[in-house]
Every structure is written in structure tokens, then in C-alpha cells.
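I opened a fresh page for this structure. My notes follow the order in which I looked things up.

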Amino acid sequence: MVSDVSNRLKLNVGGEIFETTSSTIQSTCPDSLLAALSSTPTSHGSNPIFIDRDPEIFSVILNLLRTKRLSSAVFSKQELLDEALYYGVESLLRSAMSPPPLQAFDASLTSTITPATDGVPSAFTATAGDASLWIAHGGMISVYDWSLSHAVTVRTHLADVTSICRVWDEAAAIGSGSASGLHFYDLSSGRYLGSTHWTDPEDPRIHKSRVAAVTDSPRGVFASFDCLHRENSVLQIDKSTLQVTAVIGQQSGSSAKNSVPEKLRWVPDNGLLIGSAVQRGVFGCSGYIRIWDPRSRDIVWETSEPGSGRSSRFGDALADVDVDVEESVIYKVCSKSGDLGVADLRKLGEDPWVYVSDENPGAWSADEGGRSRGYSVVHCYRKQVVAARGGSLEVWSSVEGKGSGGLVRRRNFVDKGEDCKRGVISRVEAGGDRLFVSRECMEGVEVWESSNASSVISVV
Amino acid sequence: MNLPASAPESNVVSINVGGRIFQTTKQTLTLAGTDSLLSQLATESTRFVDRDPGLFSVLLYILRTGNLPARSTSFDIRDLIEESRYYGIEPFLIDSLSNPSQFEAFDLRKSVILPLNGRDSPSTIAPTSNGGGGLHVAHGSKITSFDWSLRRKSTVLTNFSAVDSLLEISPGVLAAGATDFPGLQIIDLDNGGFVRTTLNWENVATTTTSTVQAVGSSSEFLFASFESSRRNSNSVMVYDLSTLLPLFEMDRCDNYGVGGGDSVIPSNKLRWIRSCNLLMVSGSHASPSGVSGHVRFWDVRSRDMVWEIKERGDCFSDVTVSENLSAVFKVGVASGEVYYTDLRSLGGKGWVCLGEEKKRSLDERKGVGCRIESYGNHVFCSKGNGIELWSEVITGLVGNASRDVLEERVFRKNSFAADSGENKITGLAFGGNRMFVTRKDQQFIEVWQSPSRGV
């Protein structure tokens, strides 16, 4: 704005004179280099402060301070990051560069992150907190920061990593499908921290157990282990000592009802652990959802499908399950109809499911063919449920509606018809207002974002 | 600071923008309007603005000349928009880029396409109410809105599984309806698609729900054509545009009898004719006995029907009215030809065929799915994958003054947009200096404009 003289500030950056106000600088980044310069007593004289940096990129940084927006300039992301780091305005750049709040129904594919070597991701995890992405590929773990720039790659001793979970800010718990034990790595230093194995001195059958799923909680890490002898259980592991503190739900067998949980979720609200497993066969899906109380190690609630009685829809067993921990809701997606089953975690009973369907034709009626029958992935993020079947990606979003009891859920395709030809979606996860998708045998992790900028394509 | 001294009576003012000195006149600055930051600057004693000088130079150029400088291509239009908003001169930027007076019907080319996310192709499109060339697109249960620069968009989710009628009634407020979902919803775009209210047909029994067939507006009224769920009655409801309170209904048709002569055809197009204070209401319907339809003109103040055209023979597949040409245009469903009738002599001559009026069998369906819209002094009619542009040629040779000109009014046709392999056109809309085209099974919007005036 129009401002008084005393507030004005002259800068000579690489020979070019810039004039701004100290309030512009102080209000946005009080701890930055610029703020420190502007508060020195000599700064308000007639002699401009000299900064030996590139003036053109500085004008972008200065406009960022003035408008809180990143003017779309010719500079690369890395150049801007480096320069913002130099001037100490990285937090401002981050908020200007981050995507707008994810509206999954309007997301579009913005980029694909492909690690340099062994680019097929075997597992990945995204975090909402600092919006970083950890990709496990070919025994390595690559870390990508909030701007999706490659931060570091750590080589682990494992031949392949099939499950990965973030246990501290910089530490990962990883499991492998080809080697036993749960292993901990500090990714910032690349240091191996230790391993935990499931052994039982009284039971010789329990050895060489491999990790199927991992999840983190304030009470420790929960990991499901599966032995070669078909014994399986969920272990609670102390994060500081890496010792097993509890064995939960040990069972043996390989049938649908007692196979190892391949998905674990921790619900902070009530301290419950939810595990699920789905087997996909020629005759459709079968599986279970089981909820444990880790304190008593008891099963609080369980359901298996196809089950008896009215608890399941005939021939329409669950295909995948996810938990919205903020809303305390379990979502399951039905293998045949594609309908969404919703169950309130606080009111679980014999048949807690409320089924929602949408007449809008979704992937489930599309011509996916027999190849991908029953193969589906569901993930929820900020009240939106993303479901994938075969190569198609769709989202269930709730709309404020009148009439049918408040909430209406609408199913929309996120992707285009040609997107699903890239391959079967193996994993979907969201974090930092981005949706990450990996496909079987395909290199890289797709990044989907919603955007306020339209991608105008010129045809002249 | 050491700004160049200027004589008190001088009109020349110097402005320091981010360290660079600009000189201009007070007149130029006051052009920007009294509310803008720039005209305030003209009265200030120290003129310093802590903004980017490069962007300011472009905006000053626009203020001086009304045109966008060629060097502006090195800036992103989004930055220019943000900057023009800061200075309060966005209307100048809009004017220099997308002014309806720059619409050049004979020089339209496909300049950009706007991709839509997801797999639904557009069901209906509506230009922004300010005429600046923005667009709202309904696709599936979503509505995506593009601003006048077409560079910024936002998407909201609706209750509808597909939107069939869409109209912006005031900036950022949409009226949306569907033929398979009851009620006309007033959607607040600035509030993330919040449904402000749902308008219903008040006069039917509360047990039945009615669906929206068409929506239209004048400067005072909002019109909505409703059909009852049993499809045996329909009506046009009139609401106050600002309060959205129902005022009255008109054009009501009921058919409770069995197999009566006229089936009840709901109106699927509502057009306000400002110069005559009339509402044009039209609808057509295909039945085994052929296509029949109606075009009615209502005087909203007296609530009287002024004129009605009943269509039985070559019924229309679409109708439009052009105020500039003072004529109603239709495209015949059987012949596929464009007809007009003069607004100034309603009921006088009936339809005059503009195309080749051959004897055609009424079994033909050449005009099915054709759309007709008017913009400026032109009428656009989509046929298959192409567009016919009809424009009036003023010759001065009125009537039979010359052997060459037999018609009373001379309309001539140009065809374009029919590239082979293109899909059938499903929608046409106009705003600013642009024509928007949607095609069957395509998840994007084509933007046609004159190449010298593109964004």
C-alpha cells in the first residue's frame, strides 16, 4: 500500500535496485535474513543494502512476500527452493507452492514420481503431517519432501520391501515378503536401527516369520507376522527398545478366516486396532475384519464374509476395508456391486453396515473384464473415500443433501478412460492434499492433485 | 525520496513502484475509477507502491491504450489478474481481453480447449452472467466454473447425478436443475457449492415432487419450467430474482384425462426478450404420431399469453430469439433447415425458410439434436458436427425491388467447425468474445474466438 517514507527500504540485489517496505518483510517472515537486514539501523538511509544474489529470482521472492503468491516465473522449483532457503522464506514458498485442499472428486494427474533405479514401487507411505512421500523400491527407500523433490535414498539390507510405516519423523519400520523380521531404519542418516523378530521359545514352529502389515501408534508399532507354518499374529513392539510387548490374536491356518491381517489400522480415539484380510479367488472374495483391544488383547468385534445370517450381502463380500480414524467410521467396498458399506465404530453390532450406492455408473459396471474381478483398493482421506478397481479410480464424496436423511454420497470417476489402461492399481494413499497411486508392475507413483488453475490447451 | 520535482500545476505525476519510477498523468490515473488504488495515488503526495514494477508497467499500458501490450505474453495472465485486482482495475484487463464487442463471428477459430477432470462429458454449459467470457460447465454431478481468463477454475459437487439446466443468476450464484431430481437448487459457488435454497413448484400437491426442465431469468425475475413427477402437468414458475420468493405461475398445462388430444409437453427453453418485455417459452416432444411442440410468448406483467405458435408439421428441434435481429429462429426437426419469423409482426407470415425449402417427407429426421442460439447479430445452428452461421445482409433492396433479392429480409449462411472425425455438437454457448462448443463423449470444452483477440 501507499506508505510513509520511514517504512521504506531500498535493496540492491546484484546491481538492481528494489524498493519495498519493512512491514512487507516483517509481517511475512519475521525470522528471515531479509527481516534481519531490514531492521539494521543503516537500512533506512539513502544507501541501499547490497545483497550479492541474482536480481531476477529475487524479484520473484519479493513478489512472494508482497502477494503471498508465487508468480509463475521461468525458474525451476529447485532454484526457487534454494533461493527461498537463502533468504529464509521457505515456509512462505511452501504455502504458496502446496496444492489447494484436496477435492478428490476433482483431482487430476499432475506428475509421476519415478525413483532412478528399480522404479517399480513395492510399497509406499504418505503422511499428512509434513506431506512427504516414502517409496520402497527394490530394497531401497526413497524419501520425497513436501515439494516432491527427492531428498534421500537409503539402501536397506533387504532384497525387497513390501511394507513400510513411518514410526518417528525420520524412522521407518519395514517388512519384507522374502525375509523375516521387522526392521527399523533412520532415513535421515541412512542408519540401521535394529530389528524385531517373532520367536517363541516354547513353540518351535514360530520362526522365520515375515511381516505382512505395519501400523504405528503412540503405544508402539503393531505388525502382523506370518510364519512359514501358517501361524500368524499381531505383535505390539515398543518403539524405544524394539522389543515385543504383546502378542495379539495368534491363530493358525490359511483359510480366509484365519489368514494373516494384511491391513492394520490404529484408531486413536478408543485405542483399538483394526485388522483385515481378504482372499481373492476365482469364486470371488472372502475375508474378515477384526478389532482388538491391545490392552486386554481380546477381540472386541469381528465379522467375516461371506458369513452366515444377514450380516453379509449374498455373493457381494468385502473387497477391501479402510478406517476413517477422524470420523471413527469403517468403510468397506463390496466386491461385486461396488457399493460402499459404512459402519460406525462406536455402534458396531451384528450388522452395522449401511450400504450406499450411486446410480451414476462407476467402474463396477465398466468393462473391466474378468482379469481384475474382485481386485480393489479403498482408502479414505478427509471424509473422502477413494476406491480403485482394476485400473479405475473413483471417489465417494458426501454432499450436503436434503431429503434422504442428510448426507448424500456421490460416486465420481477421478480418472479418465485412458488412465486405467496403464495398469491395475495396487495401492492408493493420500497425504498433504495429494493422492498417490501405484499400479502393478508400473514404474513410479502417480501424484493426483486438485487445482484452481485450468490446464488450458492451445490448439492454434 | 528524490522524485523529480514537478510544477504544482503540472499534470505529470511520478509513481515509484517497487523501486522503479513511472511517469504518467493524473487523467490516466483517474481513468481507473474513483474506488481504485491508482486514482487515490493521483491525490497522494508521496507515491510509492510496494509491488512488482514489471506487472505495473503492463497495467499502465492497458490504462493508457485500452489494449494489452505484446510484451504481456512474458507474464502469466494469472499474475496480471491478481495485480489488476490489487490496483482495482480488473475491468480494464477483462475489457482488453474478452469484450463482447470483439466477438467476430466470421473469424472464429478453435483457439483453446478446456479439459475437464473425470470421465463425464458436459451435460450443459452456462456463460457467466457478467458477459465477461467465463463459463460454468456441468459434468456428471460436478460443476466446474472457469473465470473470464479461462485460467482459473473451481469445481463443486452437487446433489444431482447430472445437471440438465444451469444458469448463473448473479455472480457466483447458480440455479441448477435436473430432469431426474426434484427441485431447482440455488448453489453458492463462493461457499464451496453450498445449496442456499431449493425452489419447488409451489402449486402442486406436496406429495408429488417436480423436476426442472428449463431455467431462465430477466433483470427482475427468475423463471423455472417444472414438470410434475407423474408427467401430467407442467408450469412455469416466476420468482423474484433477488429474494427468490415465488411470485406466480403461468403457462400451466394439465392433462388428467385419458389419451387426450394434446399430450402435455413441458417447456424446455425459456428466453427473456428484454426489448419486448416478453418471455419466450418453448417445448417439443416426439411421439409415435410425430413431433409436436409449442412456442408461446408471455407478457410477465399482465400475465397474459401474447402469441402462441403450435407446431405439427416440420416441428422444431430447437428455437431461439434474437433481439438484435428482431426475429425468432427455429431449426426444423424433419428438414433440418433454419426458419425465422419476425418478432415485430408476430403471427403475420409464419415461418420463413432460410435454407432450401424442398418438399421433404416429414418422416425424415434431419434436424434431430440440432441446437440453435443467437449472439450479437448472428444466429448459430449446430448440425451434426458442424455449425451454420446465419447473418442478415442489409442490401437496401427491400421487397421485390430487384430480381435478385426476392426475400423481404436477406439471411446468408456460412458453415464451419465440421472437421471430419469430430463428434456431434451437443451444446453451444456464448460469452465475451467467445463461442463455447461441447461435443458428444468429449470431456472438454472447445473455445472459439478470433485469433487476434485470444487469451
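These entries cover numbering, a helix, the domains, the contact between chains and a sheet.

**Ground rules.** I number residues from 1 along each chain as its sequence is written, and chains are lettered from A, ligands numbered from 1, in the order in which they are written. The model is predicted: local features need pLDDT of at least 70, side-chain atom pairs count only at pLDDT 80 or more, and totals for chains, interfaces and linings use all residues.

**Helix 3 of chain A.** I took helices (H or I, at least four residues) and strands (E, at least two) as DSSP runs, numbered from the N terminus. Helix 3 of chain A covers residues 55-67, 13 residues. I checked its span, expected to be 1.5 Å times one less than the number of residues. The helix should span 18 Å, and its end C-alpha atoms are 18 Å apart, which agrees.

Then I looked at burial. I call a residue buried if 20 or more other C-beta atoms, placed from the backbone, lie within 10 Å of its own, exposed if 12 or fewer, and partly exposed in between. In this helix 10 of the 13 residues are buried, so helix 3 of chain A is largely enclosed by the rest of the structure. Among them are I57(A), F58(A) and R66(A).

What do they pack against? I counted a contact when C-beta atoms, placed from the backbone, lie within 7 Å. The buried residues pack against strand 1 (8-13), strand 2 (16-21), helix 1 (22-28), helix 4 (77-87) and helix 5 (90-97) of chain A. Just after the helix, K68(A) takes a positive phi of about 65°.

**Domains of chain A.** I found domain 1 at 5-97 and domain 2 at 104-449; such bounds come from an automatic or database assignment. Their C-alpha centres lie 44 Å apart.

**Where the chains touch.** The contact takes 46 residues from chain A and 44 residues from chain B. Strand 2 of chain A gives the largest share of the chain A side, five residues.

**Chain B.** I looked up the UniProt record: its unreviewed entry places "domain: BTB" at residues 11-105 of chain B. Annotations of this kind may be inferred rather than shown by experiment. Over residues 11-105 the chain is 47% helix and 15% strand.

I then traced a sheet in chain B. Three strands form an open sheet in the order 2-1-3, with mixed pairing; strands pair if DSSP finds at least two bridges between them. Strand 2 (20-25) and strand 3 (48-49) are the edges. Strand 1 (residues 12-17) and strand 3 of chain B run parallel, joined by two bridges. V17(B) has V49(B) as its bridge partner.

How values were computed
Contact = placed C-beta atoms within 7 Å.
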